[in-house]
Amino acid sequence: MDVDGAPSTPGKWKMDKPLHHHRHPRLLLHRWHLHSTLSKLAFWSLFALALFLAFFLLSPRPHASSASSGGRRSLGMAPWGGPAWEKRVRLSARVRRQPGGKSVLVTGAAGFVGMHVAAALKRRGDGVLGLDNFNGYYEPSLKRARQALLERAGVFVVEGDINDGPLLRKLFDVVPFTHIVHLAAQAGVRHALEDPASYVHSNVAGLVSVLEAAKSADPQPAVVWASSSSVYGLNSHVPFSEADRTDRPASLYAATKKAGEEIAHVYNHIYGLAITGLRFFTVYGPWGRPDMAYFFFTRDILRGKSISIFEGPDHATVARDFTYIDDIVKGCVAAVDHAGKSTGSGGKKRGPAPLRIYNLGNTSPVPVADLVSILEQLLKAKAVKKFVKMPRNGDVPFTHANITLAQKELGYHPKTGLQTGLKKFIRWYLDYYTSSLSKNGSRGRSMSS
Ligand SMILES: NC(=O)c1ccc[n+]([C@@H]2O[C@H](COP(=O)([O-])OP(=O)(O)OC[C@H]3O[C@@H](n4cnc5c(N)ncnc54)[C@H](O)[C@@H]3O)[C@@H](O)[C@H]2O)c1
């Protein structure tokens, strides 16, 4: 038998070429050892690979629940649970205004609108607890700065994901919230082209997770949540009224907000949750979002960088119904006060509960070119403008709110014009970025991060 050609592990290893010229017994022994070593090596490599795969597949993934770990989270999220943590949660949610004080869970509290709403509720004596996952969609340092501001006002912002069911249940175990103001979401229409899954995660699955926690809580809270003017999509009937069509979204963001409105209907219908949806129209102001045009136009004008101003077909003007943050906050607080009561308990509906939707806008659309002129005047700098055709990436040519319903039912009356609101924004912007520059000695908190 020609042992040189035989595999050391029959059926598992085969030489490519027979080696008939190595016939000396020592050489044969040497080859035998070599084959044996190689196959052992192959076996252990496979074993190590299998171990690695098993470890990878069985390790908890981000957003997976952590019920088995007694409420403690890992994977970069701050841990939650334990007596000291529960004490902070209770203290933050404690109502100081009687009668009529509310205890409110504000999701997305480290976000632009969330921070302002949480602070406003706290100021008037409501108990407020924040929740935010501090994701990296835009500079997390800005979210941390908002968190620090809320901390100083007595609002604890729990770090966690709205999809974390055990965390939400724990929060409701510790505090019988009367209201949820649900503002956590993946915002921005253009980012959906790059990361569509984040919209489904936060705006669809996340909303369901929040409503699940709300419907199972006893007592059930009333829910106020942010939809968006983007649900009007390609609607051309102006001004946009709540009765208009919303079945032609122009972006995935809009589609997830529209889905949210339908999901809200289900939880109201089956479980008796009182739910108010608010369609915000282009909110701007101090502590705003760096991905929004007024914000990055300011940055680029100051840096002498060119800015792109979109135009519709035939050079048509693109216009937005810019709404100042303080007006939006008043609308949100009014929505909390008019939310009505959820009627379910033990996961069952006990009677009809309110289900509402309101536009919160400013009712006076401004062409984006005019926005730029105001910024130039306030910044005392000339913008380098490039007029470009609006790409089909989710944006719509104009938005214009009809706010009659919110006026009538919430007493919503926006007061701040664009010139005044932008002045306040610019003052904040210069202060925030100048002080962060001097603190860090670099552009550490700038928008390029
Ligand atoms: N700002 C606007 O012009 C505008 C317009 C229409 C609708 N809205 C809606 O208003 C709400 C607030 O918007 P904003 O401008 O403050 O946005 P934002 O991005 O500043 O705030 C949202 C916050 O939610 C957090 N978040 C996102 N996904 C989360 C998750 N899965 N779990 C926990 N936290 C999560 C983010 O970290 C962020 O801090 C959003 O629902 C948004 O869709 C805003």
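Q: How do the residues of the shell around the ligand divide into nonpolar, polar and charged?
A: In this predicted model, the shell divides into 12 nonpolar, 11 polar and four charged residues. Glycine counts as polar in this division.

Q: Which residues come nearest to the ligand, and what makes a residue count as near?
A: A residue is near if its C-beta atom, placed from the backbone, lies within 6 Å of the ligand. There are 27 residues around the ligand, and Gly108, Gly111, Phe112, Ala185 and Ala226 come nearest. Helix H3 (112-123) and H6 are the elements that give two or more residues to the shell. H3 gives the most, with three residues.

Q: How do you know that the span of helix H6 agrees with its number of residues?
A: The expected span is 1.5 Å times one less than the number of residues. H6 (residues 196-216) has 21 residues and should therefore span 30 Å; its end C-alpha atoms are 29 Å apart, which agrees.

Q: Where is the kink in H6 centred, and what angle does the kink refer to?
A: The kink is centred on glycine 206 and is about 35 degrees. The angle is taken between axes fitted to the seven residues ending at a residue and the seven starting there. Gly206 is also one of the buried residues of H6, a list that includes Tyr199, Leu207 and Lys215.

Q: What covers the buried residues of H6?
A: The cover includes strands E1 (103-107), E4 (179-182) and E5 (222-226), along with helices H5 (165-174) and H7 (252-271).

Q: What makes E5 a mostly covered strand?
A: Five of its five residues are buried. Ala222, Val224 and Ala226 point one way from E5, while Val223 and Trp225 point the other way. In a regular strand the side chains alternate between the two faces of the sheet.

Q: Why do E4 and E5 count as paired?
A: Two strands pair if there are at least two bridges between them. Four bridges join E4 to E5, so the condition is met. The two strands run parallel, and valine 181 has valine 224 of E5 as its bridge partner.

Q: Why is threonine 178 called buried?
A: The cut-off is 20 or more other C-beta atoms within 10 Å. Threonine 178 has 22, so it is buried.

Q: Where is threonine 178 found, and which residues does it touch?
A: Threonine 178 is in the loop between H5 and E4. Not counting residues up to four places away in sequence, it touches Lys102, Ser103 and Pro221. Threonine 178 and glycine 101 are 77 residues apart in sequence and 9.3 Å apart in space, C-alpha to C-alpha.

Conventions:
Residues are numbered from 1 along each chain as its sequence is written. This is a predicted model: local features need pLDDT of at least 70, side-chain atom pairs count only at pLDDT 80 or more; totals for chains, interfaces and linings use all residues. A residue is buried if 20 or more other C-beta atoms lie within 10 Å of its own, exposed if 12 or fewer, and partly exposed in between; C-beta atoms are placed from the backbone. Two residues are in contact if their C-beta atoms, placed from the backbone, lie within 7 Å.
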